[in-house]
Amino acid sequence: QVQLVESGGGLVQPGGSLRLSCAASGNILNIYAMGWYRQAPGNQRELVAAITSGGTINYAEFVKGRFTISRDNAKNTVYLQMNSLKPEDTAVYYCNADVRALANGRRDYWGQGTQVTVSS
């Protein structure tokens, strides 16, 4: 069984910063891409940023220049540094990982989500 555990969400004022972390654990053989998605009330879940095991990065246009994704392969952890936060960044942020595990082969896994609220 593979689990993704997120941390780092919270309430921040516009212009502020937060850092999200997501650690994968379990009978993991390999982790391919890891990423962050978000979902605001009434909206569909959307990609924020993703990073492959080799370090190739993809950002959504609306976060370019403000958010930075990184990962520590030794710790099976992905991070999202969010700067210059805007009220429209308010959403539940979900971690995603493409994992090959001992028991279940290769599939996508999701974290439980962490709330990010940007408000004065």
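**Exercise 1.** Of the 31 residues in the largest nonpolar core, which touch the most other members?

*Solution.* Begin with the ground rules: the model is predicted, local features need pLDDT of at least 70, side-chain atom pairs count only at pLDDT 80 or more, and totals for chains, interfaces and linings use all residues. Residues are numbered from 1 along each chain as its sequence is written, and side-chain values use heavy atoms, with hydrogens and water left out.

Next, recall that a nonpolar core is a set of buried Ala, Val, Leu, Ile, Met, Phe, Trp, Tyr and Cys residues joined through side-chain atoms within 4.5 Å, where buried means under 20% relative accessible area, exposed over 50% and partly exposed in between, with a 1.4 Å probe and protein chains only. The residues sought are Trp36, Leu80, Met82 and Tyr93. Among the strands (DSSP runs of E, at least two residues, numbered from the N terminus), β9 gives the most to this core, with 6 residues.

**Exercise 2.** Find the disulfide, a pair of cysteine sulfur atoms within 2.5 Å, and describe its setting.

*Solution.* A search of the whole structure gives 1 disulfide, and this bond joins Cys22 to Cys95 with an S to S distance of 2.1 Å. Because Cys22 lies in strand β3 and Cys95 in strand β9, the pair ties together parts 73 residues apart in sequence. Both Cys22 and Cys95 are buried.

**Exercise 3.** Sort the residues of β7 by face.

*Solution.* In a regular strand the side chains alternate between the two faces of the sheet. Phe67, Ile69 and Arg71 make up the covered face of β7, whereas Thr68, Ser70 and Asp72 make up the uncovered one.

Terms used. Helix = DSSP H or I, 4+ residues; strand = E, 2+ residues; numbered from the N terminus.
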